[in-house]
Amino acid sequence: MASMSTFLAQSSFPSHSLPKTLNTHFSPPLKVKVLGGRRRRGVSRALIEPDGGKLVELVVRDSERDTKKGVALSLPRIKLSRIDLEWVHVLSEGWATPLQGFMREAEFLQTLHFNSLRLADGSLVNMSVPIVLAIDDAQKHLIGDSKSVALFDSSAHPVAILNDIEIYKHPKEERIARTWGTTAPGLPYVEQTITNAGDWLIGGDLEVIEPMKYNDGLDHFRLSPAELRAEFTRRNADAVFAFQLRNPVHNGHALLMTDTRKRLLEMGYKNPVLLLHPLGGYTKADDVPLDWRMKQHEKVLEDGVLDPETTVVSIFPSPMHYAGPTEVQWHAKARINAGANFYIVGRDPAGMSHPVEKRDLYDADHGKKVLSMAPGLERLNILPFRVAAYDKTQGKMAFFDPSRPQDFLFISGTKMRTLARNKESPPDGFMCPGGWKVLVEYYDSLVLSSNGKVPEAVPA
């Protein structure tokens with residue numbers, strides 16, 4: 001079977017203002033028009049526009065690259081962490097359109113307090129998580145009166161220039177409380193990026209010297225919003241529905257995705273295309289690493305669980321916050337910029353267990369409710385998860401039927417990982433055999449390398 005990569009492509013802003021009255025926007029049945037005796041549905045055939053109407057791309061032209069490197073070497077330097085580099089990647093390709101770089105204070109405050117940014121024409125776009133760069137007192141002193149700084153990676157290579165800079169206080173407690181809804185200890189992203197970060201934030205306009213590459217064998221999956229839009233256009237997609245996950249794909253996920261395409265066809269679309277879009281930035285220690293997840297996703301396509309002709313698999317470069325209803329807005333907004341006009345949302349999206357107490361940190365239904373009301377996401381159609389479980393009478397994953405609950409077996413992510421770790425097989429029909437084999441191999445690799453201990457989180 002061909003590799004999954006063969007199915008990929010070679011690869012002042014106007015906006016919509018908020019409605020005067022709040023309307024949720026779970027995707028409704030489209031209006032049916034009767035034309036010439038035939039029933040037709042009114043559907044849009046064009047890809048959704050990026051936020052603000054124009055996709056931001058911050059990588060300099062090839063002809064300017066050497067000049068910009070020279071400029072960077074002459075400026076005060078800031079060394080970037082791995083997570084900082086992931087944010088440079090996100091900004092450089094326009095996932096956070098219309099942001100032109102790391103947030104200045106006005107953008108930071110709007111994000112914290114309103115989960116949105118107001119543009120020059122008075123309209124709003126969604127922005128729910130701060131995209132900021134922290135510096136300490138020594139770095140602030142080094143920068144002095146300079147209006148620009150250079151951003152370097154850990155190998156002392158120039159990555160970007162930040163121009164027209166603004167330095168302002170880093171209100172850590174307020175940032176944590178407003179983003180996560182708690183300041184409890186043990187929040188993974190907080191411990192990685194905020195707790196020991198500097199007391200200042202620096203914002204400005206980015207000039208990224210080269211496209212971001214990781215050289216990990218997965219760069220061909222890291223399609224930018226512009227590349228994804230080109231691929232959707234090449235495939236003649238008239239609807240794009242996005243599904244994000246940070247776990248292996250089981251047949252319940254596949255059922256949801258194939259059912260979504262069926263529903264879109266029934267609504268009148270001719271060629272809906274799935275964007276299977278696993279998160280590829282920082283994740284906490286007990287999540288399955290990206291390279292293993294991509295191997296598993298490849299098997300899902302090779303085994304025919306998903307149709308390669310109507311599926312684009314790509315990596316979303318954002319780090320993971322685990323900030324629940326706040327963060328899921330960011331996940332949805334970024335997919336608009338990549339051309340998706342439908343977004344599948346599940347139970348407790350971007351959630352996690354409470355770091356101290358034995359309970360979930362967020363209400364399981366709040367994510368989908370917030371998405372349906374969030375400012376700046378009015379153009380996006382929200383598709384709530386239908387609950388899938390293992391139907392013992394059919395021997396496969398099926399949508400849960402509350403009239404016969406005794407027939408269904410719910411296999412949680414924790415249960416799935418335990419089975420794989422113990423080399424126990426799940427019920428037939430839970431996951432494609434090739435995908436399950438990859439998951440078992442991952443846990444075998446942990447035993448061989450670390451006596452079964454889960455590896456530490458990627459350092460910031």
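**Exercise 1. Determine which strands helix H8 lies across, and its angle to S10.**

Solution. Helix H8 lies across S10, S11, S13 and S14, and runs at about 160 degrees to S10. The model is a predicted one. H8 also lies across S15 and S16, where its angle to S16 is about 45 degrees. A further helix, H10 (residues 324–337), lies across S10 and S13 and runs at about 155 degrees to S13.

**Exercise 2. State how many helices and strands the chain has, and what share of its residues is buried.**

Solution. Step one: the chain has 13 helices and 17 strands. Step two: 54% of the 460 residues count as buried. Step three: the exposed surface of the chain is about 20,800 Å², of which carbon and sulfur atoms supply 50%.

**Exercise 3. Give the strand order of the open sheet of five strands and name its edges.**

Solution. Step one: the order is S12-S11-S10-S13-S14, and the pairing is parallel. Step two: S12 and strand S14 (381–384) are the edge strands, each pairing on one side only. Step three: on average, neighbouring strands of this sheet are turned by 25 degrees against each other, direction ignored. Step four: take the pair S13 and S14, which is parallel and has four bridges. Here Ile 344 stands opposite Leu 383 in S14.

**Exercise 4. Describe the cover of strand S11 and trace how the chain enters from S10 and leaves for S12.**

Solution. Step one: S11 spans residues 272–276, and five of its five residues are buried. One side carries Pro 272, Leu 274 and Leu 276, the other Val 273 and Leu 275, and both faces are covered.

Step two: S11 pairs with strand S10 (residues 239–243) in the parallel sense over five bridges. Among the residues involved, Ala 239 has Pro 272 of S11 as its bridge partner. From S10 the chain passes through helix H8 (residues 251–266) to S11 in a right-handed β-α-β crossover.

Step three: strand S12 (residues 311–313) runs parallel to S11 and is joined to S11 by three bridges. The bridge partner of Leu 276 in S12 is Val 313. Helix H9 (residues 290–302) carries the chain from S11 to S12, and this β-α-β crossover is right-handed as well.

**Exercise 5. Find the pairing partners of strand S7 and the sense of each pairing.**

Solution. Step one: S7 covers residues 149–152; Val 149 and Leu 151 on one side and Ala 150 and Phe 152 on the other are all buried. Step two: strand S3 (residues 77–79) runs parallel to S7, with three bridges between them. Arg 77 has Ala 150 in S7 as its bridge partner. Step three: S7 pairs with strand S8 (residues 158–169) in the antiparallel sense over four bridges. Ala 150 stands opposite Ile 161 in S8. Step four: the hairpin of S7 and S8 has five residues between the strands, and Ala 156 takes a positive phi near 70 degrees there.

**Exercise 6. For the open sheet of three strands, name the strands at the edges and explain what that leaves open.**

Solution. Step one: the order is S16-S15-S17, with antiparallel pairing. Step two: strand S16 (396–399) and strand S17 (408–409) stand at the edges; each has a single partner strand, so one side of each has no neighbour in the sheet. Step three: strand S15 (residues 388–391) pairs with S17 in the antiparallel sense over two bridges. The bridge partner of Tyr 390 in S17 is Leu 409.

**Exercise 7. Classify His 354 and Val 190 as buried or exposed, and list their contacts.**

Solution. Step one: the cut-off for buried is under 20% relative accessible area. His 354 has 9% and is therefore buried; Val 190 has 6% and is also buried.

Step two: His 354 is in the loop between strand S13 (342–345) and helix H11 (366–371). Not counting residues up to four places away in sequence, His 354 touches Ala 184, Arg 359, Asp 360 and Leu 361. A polar atom of the His 354 side chain lies 3.0 Å from the backbone nitrogen of Val 356.

Step three: Val 190 is in helix H6 (residues 188–193). Apart from neighbours within four places in sequence, Val 190 is in contact with Ile 176, Trp 180 and Thr 195. Lys 172 is 18 residues from Val 190 in sequence, and the two are 9.4 Å apart C-alpha to C-alpha.

Conventions:
Residues are numbered from 1 along each chain as its sequence is written. This is a predicted model: local features need pLDDT of at least 70, side-chain atom pairs count only at pLDDT 80 or more; totals for chains, interfaces and linings use all residues. Side-chain values use heavy atoms; hydrogens and water are left out. Buried means under 20% relative accessible area, exposed over 50%, partly exposed in between (1.4 Å probe, protein chains only). Two strands pair if DSSP finds at least two bridges between them. A crossover is right-handed if, with the strands pointing away from the viewer, the path from the first strand over the helix to the second runs clockwise. A polar contact is a pair of N or O atoms within 3.5 Å; within protein, one must be able to donate a hydrogen and the other to accept it, and residues adjacent in sequence count only if both atoms are side-chain atoms. Contact means heavy atoms within 4.5 Å. Accessible areas come from the Shrake-Rupley method with a 1.4 Å probe; for residues, only the protein chains shown count as cover. Axes are lines fitted to C-alpha atoms, for helices over the stretch in contact, and angles run from 0 to 180 degrees between N-to-C directions.
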